[in-house]
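This report describes one protein model. It covers confidence, fold, surface and side-chain pairs.

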Amino acid sequence: MTDAAGSISGMAKIRNYFLTGVVVCAPLAITVYIAWSFIGWVDSWVKPYIPARYSPDTYLPFVIPGFGLIVALVLTTLIGFLTANFIGRAIVSFGEHLLDRMPLVRGLYRALKQLFETALSNKNEMFRTVGMVEYPRKGVWSIVFVANEKQTEINEKLDKDDDPLIAVFMPCTPNPTTGFLMYVPKSDVVLLDMSIEDGAKLIVSAGLVAPPQKKKMTAANGQPIEGMIANPTVAGIAQPARSSRTASSRPKR
């Protein structure tokens with residue numbers, strides 16, 4: 001019996017070691033695979049347009065991965081620098097004027113441009129918090145990303161007194177980039193303390209990776225304490241902290 005129990009305990013340890021190795025190696029391997037695939041994808045698009053005399057692959061006996069990505073980053077930065085001056089803006093305006101004459105392309109270009117401008121430039125217009133709404137029926141809750149409140153035509157026609165409509169985006173699992181845009185009354189949204197990143201992790205993992213709950217300290221009256229906790233004040237003057245030494249520990253005179 002002792003040998004059998006020892007054998008079972010040894011197998012359990014080996015299994016735990018294996019699972020620990022999977023937990024450590026799997027995220028690292030997947031991250032390296034995605035990064036390597038992205039570098040190879042960019043190289044396959046950029047390298048064919050690089051003249052052979054400027055490509056290091058022409059002079060070296062091996063291929064340098066990521067050279068196309070570096071060239072793409074440098075060119076993108078250079079285009080952004082040139083666009084910041086008058087001549088660059090004139091060229092971009094001329095190109096946009098040509099795209100406006102194309103019936104199908106202009107709609108796609110405007111949507112993509114507005115999306116990237118919102119995501120990269122206007123940080124105050126992005127999602128600001130995570131919330132929950134009852135969907136698809138009462139008693140069933142779904143996670144949503146709450147956008148900033150804006151007065152639009154939808155609000156002018158559908159808003160109720162003291163309960164405006166707000167735009168929320170309900171992402172799908174496991175791909176949070178797809179989902180549904182809904183306008184719901186502000187009173188129907190339960191706001192959460194978790195960040196947008198934590199909410200995205202919760203959605204991608206299908207509820208397996210939940211952020212830790214942030215417990216708020218409360219005062220004697222039950223109100224939550226915001227900001228840093230300091231010594232109580234009297235008439236706006238902070239009281240010094242009391243000495244931690246007891247009477248018996250103080251030197252005798």
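## Burial and surface

A residue counts as buried under 20% relative accessible area, as exposed over 50%, and as partly exposed in between (1.4 Å probe, protein chains only). By this criterion, 17% of the 253 residues of the protein chain are buried. The chain exposes about 20600 Å², an area obtained by the Shrake-Rupley method with a 1.4 Å probe, where for residues only the protein chains shown count as cover. Carbon and sulfur atoms supply 66% of that exposed area.

L75, L78, F81 and L82 make a nonpolar surface patch of about 400 Å². Patches are made of residues with over 30% relative accessible area and no salt bridge; like charges are joined within 9 Å, and nonpolar side chains (Val, Leu, Ile, Met, Phe, Trp, Tyr) within 5 Å. Within the patch, L78 has a relative accessible area of 42% and is therefore partly exposed. L78 belongs to helix 2, residues 67–83.

## Model and confidence

The model is predicted: local features need pLDDT of at least 70 and side-chain atom pairs count only at pLDDT 80 or more, while totals for chains, interfaces and linings use all residues. Residues are numbered from 1 along each chain as its sequence is written, and side-chain values use heavy atoms, with hydrogens and water left out.

The protein chain has a mean pLDDT (the predictor's confidence in each residue, from 0 to 100) of 78, and 77% of its residues reach 70 or more. Over residues 227–249 the pLDDT is below 50, and this stretch has eleven contacts in the model beyond near neighbours in sequence. A contact means heavy atoms within 4.5 Å.

## Secondary structure

The protein chain contains six helices and seven strands. Both are DSSP runs numbered from the N terminus: helices are H or I with at least four residues, strands are E with at least two. Along the sequence the pattern is α-α-α-α-β-β-α-β-β-β-α-β-β. Of the contacts in the protein chain with a separation of 6 or more, 35% are between residues 24 or more positions apart.

## Aromatic pairs

The structure has two aromatic pairs. Rings of Phe, Tyr and Trp (its six-membered ring) pair if their centres lie within 6.5 Å; planes under 30 degrees apart count as stacked, over 60 as edge-to-face and the rest as tilted. The ring centres of F38 and W41 are 6.3 Å apart and the planes are at 35°, so this pair is tilted.

F38 and W41 are three residues apart in helix 1 (residues 2–46), about one turn of the helix. F38 is partly exposed, at 45% relative accessible area. Ring pairs join F38, W41 and W45 in a cluster.

## Salt bridges

Six salt bridges are found in the whole structure; each is a side-chain nitrogen of Lys or Arg within 4 Å of a carboxyl oxygen of Asp or Glu. One of them joins D57 and K47, at 3.0 Å from N to O. D57 and K47 are ten residues apart, and each is in the loop between helix 1 and helix 2. D57 is partly exposed at 24% relative accessibility.

Another salt bridge joins K138 and E134, at 3.3 Å from N to O. K138 is exposed, at 64% relative accessible area, whereas E134 is partly exposed, at 32%.

E153 and K157 also form a salt bridge, with the closest N and O atoms 3.1 Å apart. These two residues are four apart in helix 5 (residues 153–158), so about one helical turn separates them. E153 is exposed at 52% relative accessibility, and K157 is exposed with a relative accessible area of 63%.
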